[in-house]
Amino acid sequence: MRLGVLDVGSNTVHLLVVDAHPGARPIPAHSHKAELRLAQLLDADGAIGTKGVDRLVTVVRTALQAAEDKGVQNLLPFATSAVREARNAEDVLTRVRAETGVELTVLSGAEEARLTFLAARRWFGWSAGKLLVLDIGGGSLEIAYGIDEEPDAVASLPLGAGRLTAARLPGDPPHPDDVRALRRYVRAEIAGTVGEFTRFGAPDHVVATSKTFKQLARIAGAARSAEGLYVQRQLKRESLEGWVPRLAGMTTAERAELPGVSEGRAGQLVAGALVAEAAMDLFGVESLEICPWALREGVILRRLDHMGQG
């Protein structure tokens, strides 16, 4: 059957259409994205303003039309941290439902981490052993660890690249004092969770998902996306540590000129790099592998599992 996942994230609204059935690998058929940056549209009280909700409704309506055009039989719509943490989340969800008919399921941070972990486990298989999975979104950082399909430990921290950029890195390029302050904050937040994971022992394989990690790996020399999903792409901590100060010294326009960095994401790459560097350092990770599958694929796989059980 043809499934659609509508992901209302902190940076983008992304419709992914796949052809899938239980027991088979989901095959991508169509992708539709719109930059929205909900994490940066919160007002002083933490609510999504009227203009932000207007844009969200318009984008969801457009994605819904795209899903219909592509013959989607089953649409799985969900929202992550930007909507989850908005002070007016219920009002936003009510308006989206009233004006588009789409009932957005709001995932908790723990659910995000579990579903992303499921996608990584299915991608790498049982031979990967104990997995540590890192995912930097626009609004939050998800961490998951385990040897099965259900992780033994998960954490969701308010360390998304978009959120941190909007709140703590106002300059272009950011002021060195702001960069140092953000570095201290990020490391203190992550350090508080490390013990929850290290008590299970060292992972056999460390993987990362998300656009932030993919762009950092590409900058550090990983293969282009055009070379295909099955090319191994790694990010070494030593290389990342060399890039962080360079990225912090660049303007957004200069970062956008780097290989693999999109104009829309260039502004938040410094914050994302600081989070990635801190996570790799504090968890003792020298090198990690980029996983092509992430949250959206996890949502699809979970639905297919339930269909198979039925």
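**Salt bridges, a buried helix and an acidic patch**

The side chains of arginine 122 and glutamate 149 meet in a salt bridge, with 2.6 Å from N to O. Arginine 122 sits in helix H4 (residues 109–124), while glutamate 149 belongs to the loop between strand E7 (141–146) and strand E8 (153–157), so this pair ties together parts that are 27 residues apart in sequence. Both ends see some solvent-accessible surface: arginine 122 is partly exposed at 29% relative accessible area, and glutamate 149 counts as partly exposed at 26%. The model here is a predicted one.

That pair is part of a longer list, since a search of the whole structure turns up 19 salt bridges. Another of them joins arginine 296 to aspartate 7, with the closest N and O atoms 2.7 Å apart. Here the arginine comes from helix H12 (residues 295–309) and the aspartate from strand E1 (residues 2–8), so the bridge ties together parts that are 289 residues apart in sequence. The two partners fall into separate burial classes: aspartate 7 is buried, with a relative accessible area of 7%, whereas arginine 296 is partly exposed at 22%. The cut-off that matters for this pair is 20%, because buried means under 20% relative accessible area.

Arginine 97 and glutamate 103 also form a salt bridge, and their closest N and O atoms are 3.0 Å apart. Arginine 97 counts as partly exposed at 34% relative accessibility, and glutamate 103 is partly exposed too, at 48%. Beyond such pairs, Asp54, Arg61, Arg95 and Glu99 are linked in a network of salt bridges.

Turning to the packing, helix H5 (residues 161–168) has Ala161, Gly162, Leu164 and Thr165 as its buried residues. What do they pack against? The buried residues of H5 pack against one strand, E6 (131–136), and against the helices H6 (176–198), H7 (211–219) and H11 (269–282).

Helix H11 is also where glutamate 277 is found. This glutamate counts as buried, at 8% relative accessibility. Leaving aside residues up to four places away in sequence, glutamate 277 touches Arg183, Arg187, Leu240, Glu241 and Val244.

Glutamate 263, in helix H10 (residues 263–266), is another acidic residue to look at. Is glutamate 263 buried or exposed? At 70% relative accessibility, glutamate 263 counts as exposed. Together with Asp172, Glu254 and Glu257, glutamate 263 forms a negative surface patch.

Note on methods. Residues numbered from 1 in each chain as written. Predicted model: local features only at pLDDT ≥ 70, side-chain atom pairs only at ≥ 80, totals over all residues. Heavy atoms only, no water. Buried < 20%, exposed > 50% of the residue type's maximum accessible area, 1.4 Å probe, protein only. Helix = DSSP H or I, 4+ residues; strand = E, 2+ residues; numbered from the N terminus. Contact = heavy atoms within 4.5 Å. Patch = residues over 30% accessible without salt bridge, like charges linked within 9 Å, V, L, I, M, F, W, Y side chains within 5 Å. Areas by Shrake-Rupley, 256 points an atom, 1.4 Å probe, with all protein chains shown as cover. Salt bridge = Lys/Arg side-chain N within 4 Å of Asp/Glu carboxyl O. Lys, Arg positive; Asp, Glu negative; His and termini not counted. Charge placed at Lys NZ, Arg CZ, Asp CG, Glu CD.
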